[in-house]
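Please examine the structure shown here and consider how its chains are built and how they meet.

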Amino acid sequence: MKIVASAFVSGLLFAIGLGLAGMTDPAKVIGFLDFFGTWDPSLAFVMVGGILSYAVAFRLITRRHAPVFGTQFSLPTRKDLTPQLIIGSALFGIGWGIAGLCPGPGLASLATGSASVLAFVVAMLGGMALYKYFLEKRLA
Amino acid sequence: MVIDINSFLMALLGGIIIGTASAGLLLFVGRIAGISGITAGLVKPAKGEVPWRAAFVGGLVAGGIGLVVFYPQAFPAVISRGPLLTAIAGLFVGVGTQMGSGCTSGHGVCGISRLSGRSIVATLTFIASGAAAVVVMRFVGLT
């Protein structure tokens with residue numbers, strides 16, 4: 001229960017951060033990616049703020065042996081640069097650049113009731129299912 | 001280039017809140033706040049993995065409702081791409097984040113903070129391909 005409540009609060013705070021930062025404004029996101037047009041660099045500061053705060057917190061938190069409400073930390077261990085990593089990231093970027101939405105802002109924007117956002121999220125979940133159930137085994 | 005100090009400061013503030021939310025998930029639950037990975041774990045559920053993931057995604061949606069009520073300027077415009085192109089974009093995001101093991105949150109914030117080589121490569125790749133997509137969209141007249 002405490003784990004569920006913590007995860008909920010984290011998701012809530014994350015959405016507020018996305019909204020205040022401007023990440024839920026597709027036009028602004030596309031402006032950030034528009035290096036060859038009227039580039040709006042402001043969203044780079046979302047990464048600056050996020051990385052600075054998380055980098056410090058990560059080092060402090062992982063000194064602990066376990067999270068407050070769990071038995072162990074679950075952290076990525078892979079270091080290999082694979083074709084999947086690069087091709088997958090490239091595909092993700094194409095979708096991000098077309099819609100101006102990545103997964104977090106897409107989910108947070110469901111609250112607007114926009115049909116476009118709903119189409120984005122449903123297709124995203126479909127894409128995840130397509131990979132998880134069909135492509136993953138074949139590409140391994 | 002657009003320079004607007006206020007939007008720089010809001011971006012920085014929002015980024016710090018995102019970093020803090022991610023740190024909270026690590027401190028209390030022990031997980032990396034990678035939104036695509038957390039969500040995909042609901043699409044193909046594993047035993048014991050559903051409740052915290054559903055709660056996090058529920059929090060994201062609830063936070064969106066809070067923004068609509070208290071800070072509606074977070075959503076200044078609906079996407080103008082049309083439903084078909086938007087759905088295609090969603091499909092790319094879904095497949096791409098799973099094949100590439102992450103998105104803007106897991107790679108771009110958490111991974112770079114951990115100095116993960118994979119995340120640095122992934123982030124540079126999706127920013128580059130996103131920029132290319134914006135150029136192509138303009139070229140074909142879909143800005």
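The questions and answers below concern a predicted model.

Q: How many helices and how many strands are there in chain A?
A: The elements of chain A, read from the N terminus on, run α-α-α-α-α-α. The count for chain A is therefore six helices and zero strands under the DSSP assignment.

Q: What percentage of the residues in chain A is buried?
A: The C-alpha atoms of chain A fill a box of roughly 45 × 40 × 30 Å along the principal axes. Among contacts in chain A between residues at least 6 apart in sequence, those joining residues at least 24 apart make up 42%. Of the 140 residues in chain A, the buried share is 54%.

Q: Which helix supplies the largest share of the side of chain A that touches chain B?
A: The contact between the chains involves 106 residues of chain A and 102 residues of chain B. On the chain A side, α1 (2–21), α2 (26–33), α3 (44–61), α4 (83–99), α5 (103–108) and α6 (115–139) each supply at least two residues. The largest share, 18 residues, comes from α1(A).

Q: How many residues on the side of chain A that touches chain B are charged?
A: The 106 residues of chain A in contact with chain B can be divided by class. Nonpolar residues number 69 and polar residues 31. The charged residues number six.

Q: Are α4(A) and α4(B) roughly parallel or roughly antiparallel?
A: The axes of α4(A) and α4(B), the latter spanning residues 83–99 of chain B, come within 7 Å and cross at roughly 155°. The crossing is left-handed. Angles over 145 degrees count as roughly antiparallel. The two helices α4(A) and α4(B) are therefore roughly antiparallel.

Q: How many charged residues does the contact of α4(A) with α4(B) have?
A: The residues of α4(A) in this contact include A:L91, A:F92, A:I94 and A:G95, and those of α4(B) include B:A89, B:F92, B:V93 and B:G96. By class, the contact has 13 nonpolar and nine polar residues. The number of charged residues is zero, as the contact has no charged residues.

Q: Which residues touch the most other members of the largest nonpolar core?
A: The largest nonpolar core has 86 residues. Helix α1 (residues 5–29) of chain B gives the most to this core, with 12 residues. One of the residues asked for, B:F92, touches A:L91, A:F92, A:I94, A:G95 and A:G127, leaving aside residues up to four places away in sequence. The residues that touch the most other members are A:F120, B:F56 and B:F92.

Q: How is α3(A) oriented relative to α5(B), roughly parallel or oblique?
A: The axes of α3(A) and α5(B), which covers residues 104–113 of chain B, are 8 Å apart, and the helices pack at an angle of about 40°. The crossing is right-handed. Angles under 35 degrees count as roughly parallel. The angle makes α3(A) oblique to α5(B).

Q: Which residues of α5(B) make the contact with α3(A)?
A: From α3(A), the contact draws on A:M47, A:G50, A:I51, A:Y54, A:A55 and A:F58. By class, the contact has eight nonpolar, three polar and no charged residues. The residues of α5(B) in the contact are B:G108, B:V109, B:C110, B:I112 and B:S113.

Q: How many of the residues of α5(B) are buried?
A: What covers the buried residues of α5(B) includes α3 and α5 of chain A together with α1, α2 (35–43) and α6 (117–139) of chain B. Among the buried residues are B:T104, B:H107 and B:C110. The helix α5(B) is largely enclosed by the rest of the structure, because its buried residues number nine of the 10.

Q: Is A:Y54 buried or exposed?
A: A:Y54 is found in helix α3 of chain A. Leaving aside residues up to four places away in sequence, A:Y54 touches B:G19, B:S22, B:A23, B:V109, B:C110 and B:S113. With 29 C-beta neighbours inside 10 Å, A:Y54 counts as buried.

Q: How far apart in space are A:L101 and A:V121, C-alpha to C-alpha?
A: A:L101 lies in the loop between α4 and α5 of chain A and is buried, with 30 other C-beta atoms within 10 Å. Beyond its neighbours within four places in sequence, A:L101 is in contact with A:P26, A:W96, A:G106, A:S109 and A:F120. A:L101 and A:V121 are 20 residues apart in sequence, and their C-alpha separation is 9.6 Å.

Notes. Residues numbered from 1 in each chain as written. Chains lettered and ligands numbered in written order. Predicted model: local features only at pLDDT ≥ 70, side-chain atom pairs only at ≥ 80, totals over all residues. Contact = placed C-beta atoms within 7 Å. Helix = DSSP H or I, 4+ residues; strand = E, 2+ residues; numbered from the N terminus. Nonpolar A, V, L, I, M, F, W, Y, C, P; charged D, E, K, R; others polar. Axes fitted to C-alpha atoms, helices over the stretch in contact; angles between N-to-C directions. Parallel < 35°, antiparallel > 145°, perpendicular 65-115°, else oblique. Left-handed = near helix turned anticlockwise from the far one by under 90°. Buried ≥ 20, exposed ≤ 12 C-beta atoms within 10 Å, placed from the backbone. Core = buried A, V, L, I, M, F, W, Y, C linked by C-beta atoms within 7 Å.
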